[in-house]
Each structure stands twice: as C-alpha cells, then as structure tokens.
Amino acid sequence: MSKETLSVHTLARCAVVAALYVALCLGLAPFSYGAVQVRVAEALCLLPVFGAEYILGVTLGCALANLLGSTMVDVLFGTLATFLACLCTWAVRHARVGGLAIPAAVPPILWNAAIVGTEIAVFFSNAPATPALIFANALSVGAGEVISCGVLGVALVRLIEANPRLLALFTDRGVRA
C-alpha cells in the first residue's frame with residue numbers, strides 16, 4: 001500500500017468519525033447538551049486506541065457538533081476537553097484491565113468532568129460559580145461520561161478488537177474486505 005493511499009484512508013477515517021460524532025450529537029440532541037447529558041458520541045473518544053488519526057477526527061467532530069448545537073463557549077472549552085481526552089487516551093492505548101480498554105475511558109471522563117463541569121458552572125449557571133457548584137456539575141458531567149465512555153466506548157473498542165473485519169476497517173492492519 002502506497003503512502004498516498006494510506007493518507008487517503010487515514011483522511012477518510014477522520015472525516016467519517018467527525019461526521020458520525022456530529023450526527024450522533026445532533027440526532028440525540030436532548031441527551032447531548034446541557035448540565036445533565038449523556039453524549040453518546042463521546043464513546044468515539046476511545047478510538048485513538050486504534051490510531052492517532054482519531055484524535056483529529058473526534059476533535060473535529062466535537063468542534064462541529066458544538067458549533068451547530070451549542071455555544072461558542074462550548075466550542076472552545078468542550079472541544080478542548082475532548083482534544084485533551086483523546087491525546088491521553090492515545091497515550092494509554094495499550095493498557096487493559098481484564099482485557100478491556102477501561103484505562104482508555106478514564107481520560108475522557110476526567111477531562112470532561114473537570115473542564116465542562118467548570119464551564120457549565122461559570123458560564124451557564126444563574127448562581128455564583130462556587131467550588132461546590134463546580135464539583136456538582138463535574139459529577140453530573142462525569143456520570144454521563146462514565147455511561148458514554150466507560151460503558152459504550154469500552155464496548156465499542158471490544159467489538160472492534162473482536163472482529164477482524166472491523167479491526168481492518170479502523171486500522172491499517174488485519175483482513176482487507
């Protein structure tokens with residue numbers, strides 16, 4: 001496989017992941033935005049387990065989803081949280097607990113809880129952004145991230161790793177369809 005073909009495949013994967021992130025956020029909008037949210041698209045934050053290119057695809061998808069469905073504040077801070085989460089997920093991509101990519105789910109949970117929880121308390125609350133309010137929002141966002149990343153994301157990685165055709169689709173190794 002030539003370097004040019006590899007680049008086209010990588011770019012195509014990034015574009016598809018970004019589009020899927022946006023579609024999931026907007027399609028499930030009541031669950032994707034707000035102080036209490038389970039953003040199903042955040043399960044895609046675990047895709048950097050399969051390659052660094054997914055950092056770009058997921059981050060771009062998050063930025064577009066926030067631009068289309070939220071506020072400029074969320075475009076900035078929510079996208080930053082997702083970018084940092086994906087970088088850290090890539091860094092722990094080989095770690096497993098009981099054969100599952102559980103360590104890869106920890107960065108998105110923590111980064112989003114901290115950054116988005118603070119964002120909501122500071123920019124979208126009618127009350128002063130006290131440490132207690134920030135902590136409460138962080139817990140709320142973190143709980144949603146546990147569902148989307150800790151459950152759905154880990155299951156997604158397991159599904160891809162268990163299926164040679166899916167693994168080939170998400171990586172440059174394995175069986176070609």
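Buried here means under 20% relative accessible area, and that cut-off runs through every close-up below of this predicted model.

**View 1. Helix α3 and its buried residues.** Take α3 end to end: at 1.5 Å a residue, its 17 residues should span 24 Å, and the end C-alpha atoms are indeed 24 Å apart, which agrees. The helix covers residues 53-69. Its buried residues are Glu53, Tyr54, Ile55, Gly57, Val58, Thr59, Gly61, Cys62, Ala65 and Asn66. An α-helix has 3.6 residues a turn, so residues three or four places apart point the same way.

**View 2. Thr59 and what it touches.** Thr59 sits in α3 and counts as buried because its relative accessible area is 14%, under the 20% cut-off. Leaving aside residues up to four places away in sequence, Thr59 touches Thr79, Thr82 and Phe83.

**View 3. A nonpolar patch on the surface.** Here's the greasy bit: Leu26, Leu56, Leu60, Leu64, Leu67, Leu68 and Met72 form a nonpolar surface patch, with about 680 Å² of accessible area together. Helix α3 supplies the largest share of the patch, 5 residues. Zoom in on Leu60, also in α3: with a relative accessible area of 43%, Leu60 is partly exposed.

**View 4. Tyr54, Phe170 and the aromatic cluster.** The model has 3 aromatic pairs. In the one shown, the rings of Tyr54 and Phe170 have centres 6.2 Å apart and planes at 40°, so this pair is tilted. The two rings link distant parts of the chain, with Tyr54 in helix α3 and Phe170 in helix α7 (residues 164-170), 116 residues apart. Tyr54 is buried at 1% relative accessibility, and Phe170 is buried too, at 19%. Add Phe50 to the picture, and Phe50, Tyr54 and Phe170 make up one aromatic cluster.

**View 5. Glu53 meets Arg13.** Side chains of opposite charge can pair when their charged atoms come close. The structure holds 3 salt bridges, and one of them joins the side chains of Glu53 and Arg13, at 2.8 Å from N to O. That pair links distant parts of the chain: Glu53 belongs to helix α3 and Arg13 to helix α1 (residues 3-27), 40 residues apart. Glu53 is buried, with a relative accessible area of 18%. Arg13 is buried as well, at 10% relative accessibility.

**View 6. Arg39 meets Asp74.** Next up is the salt bridge between the side chains of Arg39 and Asp74, at 3.9 Å from N to O. Arg39 lies in the loop between α2 (29-32) and α3, while Asp74 is in helix α4 (residues 72-91), so the pair ties together parts that are 35 residues apart in sequence. Arg39 is buried at 5% relative accessibility, and Asp74 is buried at 9%.

**View 7. Arg96 meets Glu161.** In this last close-up, Arg96 forms a salt bridge with Glu161, and the closest N and O atoms are 2.3 Å apart. Arg96 lies in the loop between α4 and α5 (102-123) and Glu161 in helix α6 (residues 131-162), so the pair ties together parts 65 residues apart in sequence. Arg96 is partly exposed, with a relative accessible area of 29%. Glu161 is partly exposed, also with a relative accessible area of 29%.

Notes: Residues numbered from 1 in each chain as written. Predicted model: local features only at pLDDT ≥ 70, side-chain atom pairs only at ≥ 80, totals over all residues. Heavy atoms only, no water. Helix = DSSP H or I, 4+ residues; strand = E, 2+ residues; numbered from the N terminus. Buried < 20%, exposed > 50% of the residue type's maximum accessible area, 1.4 Å probe, protein only. Contact = heavy atoms within 4.5 Å. Patch = residues over 30% accessible without salt bridge, like charges linked within 9 Å, V, L, I, M, F, W, Y side chains within 5 Å. Areas by Shrake-Rupley, 256 points an atom, 1.4 Å probe, with all protein chains shown as cover. Salt bridge = Lys/Arg side-chain N within 4 Å of Asp/Glu carboxyl O. Expected span 1.5 Å × (residues − 1). Phe/Tyr/Trp six-rings, centres within 6.5 Å; stacked < 30°, edge-to-face > 60°.
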